[in-house]
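Reader: Please take a close look at one helix of this chain and at the way it is enclosed. Then set that helix in the context of the rest of the chain, giving the cut-off behind each term.

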Amino acid sequence: MTKKTRIILVKHFLSTERIILVMSHDTSLQHLLPPPDQTKELLGQFLHDAACDLAASSTALKKRGRPFQVSWLLLSLGCLWCLLRGWTSQLDLWRLISGFGLGPFAPVAVVDQAIYNRLQEKGSWMMQQLCAQMTQWLGTRMIPYEDRSLASFASEVLALDESTLDALKRWVPDLQGLPAGHSQLLAGRLSCLFDIRRQQWKRIDLLPNAVANCQAHAKEMVKSVRKGALLLFDLGYYNYAWFDSLTNAGIWWVSRVRSNGSWSMEHILVQRDGYFEALVFMGKYRSDRCQHLVRLVRYRYRGIWYTYICNIWDPRMLSGADIVRLYARRWDIELGFRVLKDYLQMRFMISSKPEVLGAQIWGSVLLAQLLHALHVRVAAEAGVDLFDVSLELLIRYLPTCLAHGIDIGQVIQEKGRALGFVRPSTRTRHELPHISWHEVTWPPVDLQWMQKPRYAVDADPNRRGSSSKKKKE
């Protein structure tokens, strides 16, 4: 029986440092590869402290004994490689492992069902653990690259949003009788926090119910947000009770205002042609109103008024122009979803089994973390704005560079503009007037900063037509 290897040193393609991955396996290995001088291969070249017989190869005739078994490390790396190349089925993974091998791992002569069984055993757990470990390691590596110009007073800047996963194939008996469009055919939804400064996924929760309101899981997501952080979210989270809960928790936040949103004016800070700032209480009706005073920022752009609210009351901490630019970065999480679904093919669910499905999702998230980190590093080394570097082209040509041993960062530095990797970003930038603090009418000392809240969900149960009364009836 082949001896087990306990310590695997993985050299990551983003740097020359190493991360330790502890995993037990018994897959036979090819010859050891020397460490590369530059960052040229996905997840690096694998240096092994192997206590196994290198002469034994899975291509040789197998004698009597235990059948070949694919190691968890080989399986996880195979998943990552197939996802990067556009994984369309589990058969691609089987062909890679049994026919070609991967890096220092020799081909393992197993049937395709063995790969299915191995993934179904604990594929989701395997990839989630690897993703968590890699994310933790990347967190320290991305510190020098984080954009501290974004709300420098905040401990971190996060975007909160959800994304519904696509439909499953009717491959298992439980799904075969469901009609097209049924909610159970959806693979679930992702509730996510995205670190804007570091361009990294902060937290991802895989939820089974694909059609639930995004506010249902919002409080659980906020539990992992540190006090003093700044949260960006869209109108799906527009709720007065939610606004007050964030303020009470010591979390800064910025949101848009619904077209039918109402407020009661308490104090005007700035008033110009096409620009307005004030301190207001959201909700001017008794049935639904906020507890805390918020800052309202409105400006006109091409004849349309845009309205934002936040709990950052002092314009010296964050100007109105900075609020608009900062909220525009909420779109970063939407681009992150696009990387997962379009570039890493997560819109194609390869299985209906939870463990296999989880392996695909967490493998895609792990790759997305690496690709976002590479995107930030390449832009910094090229001395250009992050969004002037095409992430789509970076992902498209990365496998080609890896296959030929080419450092894609060096290519972008030398001829990125000529090849179109570096081009002006198409993101909309609204120019707002500069407001000097001398122009601000500061609030009086006796201004009322809090009032008694009343949320629509807490309506009087005896009131006619209330939700509580309807439940009783």
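Author: A residue is called buried when its relative accessible area is under 20%, exposed when it is over 50%, and partly exposed in between (1.4 Å probe, protein chains only). Helices (H or I, at least four residues) and strands (E, at least two) are DSSP runs, numbered from the N terminus. The model is predicted, so local features need pLDDT of at least 70 and side-chain atom pairs count only at pLDDT 80 or more, while totals for chains, interfaces and linings use all residues. Residues are numbered from 1 along each chain as its sequence is written, and side-chain values use heavy atoms, with hydrogens and water left out.

The helix chosen here is α1, residues 72–84. Of its 13 residues, 12 are buried, so α1 is largely enclosed by the rest of the structure. The buried residues are W72, L73, L74, L75, S76, L77, G78, C79, L80, C82, L83 and L84. The expected span of a helix is 1.5 Å times one less than its number of residues. For α1 this gives 18 Å, and its end C-alpha atoms are 18 Å apart, in agreement. After α1 comes G86, with a positive phi near 100 degrees.

One residue of α1, L75, leads to the interior of the chain. A nonpolar core is a set of buried Ala, Val, Leu, Ile, Met, Phe, Trp, Tyr and Cys residues joined through side-chain atoms within 4.5 Å. The largest such core has 105 residues, and those with the most contacts inside it are L75, L93, L119, W201 and L230. Helix α9 gives the most to this core, with 16 residues. A second core, separate from it, has 29 residues, including L158, F233, Y237 and F276.

W201 can be followed further. With contact meaning heavy atoms within 4.5 Å, and neighbours within four places in sequence left aside, W201 is in contact with T135, C192, L193, F194, I333, G336, F337, L340, A368, Q369 and H372. Among these partners of W201 are I333, G336, F337 and L340, which are buried residues of α8.

Helix α8 (residues 331–343) invites comparison with α1. It has 13 residues and reaches 17 Å from its first C-alpha to its last, close to the 18 Å expected at 1.5 Å a residue. Its buried residues are D332, I333, G336, F337, V339, L340, K341 and Y343. They are covered by elements that include β4 (157–164), β5 (189–195), β6 (200–207), α9 and α10 (391–403). Q345 follows α8 and has a positive phi near 60 degrees.

The chain also has a pocket to consider. On a 1 Å grid over the protein atoms alone, a cavity is a set of points where a 1.4 Å probe fits but cannot get out, and a pocket is an open set with protein on both sides within 12 Å along at least five of seven lines; lining residues have an atom within 4 Å of a point. Grid points are joined across faces, edges and corners, and a volume is the space filled by probe spheres set on the points. The largest pocket has a volume of about 1,100 Å³. It is lined by 38 residues, and R325, A328, R329, F387 and R427 are the closest to its centre. The elements giving two or more residues to this lining are β12 (304–310), α7 (320–328) and α9 (354–382), and α7 gives the most, with 6 residues. By class, the lining has 20 nonpolar, 6 polar and 12 charged residues; Ala, Val, Leu, Ile, Met, Phe, Trp, Tyr, Cys and Pro count as nonpolar, Asp, Glu, Lys and Arg as charged, and the others, Gly among them, as polar.

Two loop residues merit a note on backbone geometry. Most residues other than glycine have a negative phi. A151, although not a glycine, has a positive phi of about 45 degrees; it sits in the loop between α3 (112–141) and β4 and is buried, with a relative accessible area of 6%. R302 has a positive phi near 55 degrees; it lies in the loop between β11 (294–301) and β12 and is exposed, at 76% relative accessible area.

For the chain as a whole, there are 12 helices and 12 strands, and 51% of the 473 residues count as buried. Among contacts between residues at least 6 apart in sequence, 66% join residues at least 24 apart.
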